[in-house]
Amino acid sequence: MKSLVILISGRGSNMQALLEAEFRIDRITVISNNPQAEGLILARKYGVKTMALDHRSFPDREAFDTALAKKIDACQPKLIALAGFMRILSNRFVQHYQGRLMNIHPSLLPAFPGLKTHARVLQEGIRIHGCTVHFVTLQLDHGPIVIQAAIPVLPNETEKSLAARVLQQEHRIYPQAVRWFMEDRIRLIGNHAEIIDSSSSETVLYSPGLPK
Ligand code: GRF
């Protein structure tokens, strides 16, 4: 049985993109560290099983991560997809799921790890920005890159307009990465992720170019 666990903290638009994608997955479970996450309500509309595990009710990170891992393991997931999960994970947690823990990050990694990526891109006057799906390793926002989408930073761009255009691309690349994983088509070689048997219509870099 192929099971997927999606971890969220907030609105859950990437989670929604995954729920709308056509995968051959038998069971999807959405877990949030924030019981008030809008994404939980959204997930229920899709008839998906949801769980909330409030990190504030645990004495420390280790205790929360241990409880979270227990819930995840009960689902026997093939893949755990972080989709706006705003918690730093302990080393033990990351090691436990090595090679089956994915994340979507709103920048072209390894540039701009961390938060406020769009504002930092604008501040630096960078002309190209985007998003990355990668495997999670012990180094924050690092790890083998599966797929990226690159977009131009337009004149008069604002943080909001840039975030919205990057998000559109996130919704495009995350389902693709998860599909490849579920089809056993990602081979990890050191710090590189290789896509096995990719057809000409598949790409590891989407680049929509300048708007017409
Ligand atoms: C996305 O920009 C994602 O890349 C980042 O957090 C945001 C989550 O948005 N990790 P959503 O909850 O998926 O709408």
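In this predicted model, the ligand sits in the largest pocket. The elements that contribute two or more residues to the shell around the ligand are α1, which spans 13–20, and β5, which spans 101–105. Because domain 1 (1–97) and domain 2 (104–212) both give residues to this shell, the ligand lies between them.

The shell itself can be read residue by residue: around the ligand are Arg11, Gly12, Ser13, Asn14, Gly84, Ile104, His105, Pro106 and Glu170. Sorted by class, these residues comprise two nonpolar, five polar and two charged ones.

Among the residues of the shell, Gly12, Asn14 and Glu170 can be followed down to the level of atom pairs with the ligand. For Gly12, a backbone N or O atom lies 2.9 Å from an oxygen atom of the ligand, and for Asn14 a backbone N or O atom is placed 2.8 Å from a ligand oxygen atom. Glu170, by contrast, takes part through its side chain, where an N or O atom is 2.7 Å from an oxygen atom of the ligand. As for the surface of the ligand, it exposes 370 Å² when taken alone, and the protein buries 85% of that area.

Beyond β5, the chain enters a loop that leads to α5 (117–124), and Pro110 is placed in this loop. The peptide bond that joins Leu109 to Pro110 is cis, with an omega near 10°. Phe112 is likewise found in the loop between β5 and α5, and its backbone also deserves a look, since Phe112 has a positive phi of about 55° although it is not a glycine. A reader who inspects the backbone of this loop will therefore come upon both the cis peptide bond from Leu109 to Pro110 and the positive phi of Phe112.

Note on methods. Residues are numbered from 1 along each chain as its sequence is written. This is a predicted model: local features need pLDDT of at least 70, side-chain atom pairs count only at pLDDT 80 or more; totals for chains, interfaces and linings use all residues. Side-chain values use heavy atoms; hydrogens and water are left out. A residue is near a molecule or strand if one of its heavy atoms lies within 4 Å of it. A polar contact is a pair of N or O atoms within 3.5 Å; within protein, one must be able to donate a hydrogen and the other to accept it, and residues adjacent in sequence count only if both atoms are side-chain atoms. Accessible areas come from the Shrake-Rupley method with a 1.4 Å probe; for residues, only the protein chains shown count as cover. On a 1 Å grid over the protein atoms alone, a cavity is a set of points where a 1.4 Å probe fits but cannot get out, and a pocket is an open set with protein on both sides within 12 Å along at least five of seven lines; lining residues have an atom within 4 Å of a point. A molecule sits in a cavity or pocket if more than half of its atoms lie within 2 Å of its grid points. Helices (H or I, at least four residues) and strands (E, at least two) are DSSP runs, numbered from the N terminus. Ala, Val, Leu, Ile, Met, Phe, Trp, Tyr, Cys and Pro count as nonpolar, Asp, Glu, Lys and Arg as charged, and the others, Gly among them, as polar. Domain bounds come from an automatic or database domain assignment.
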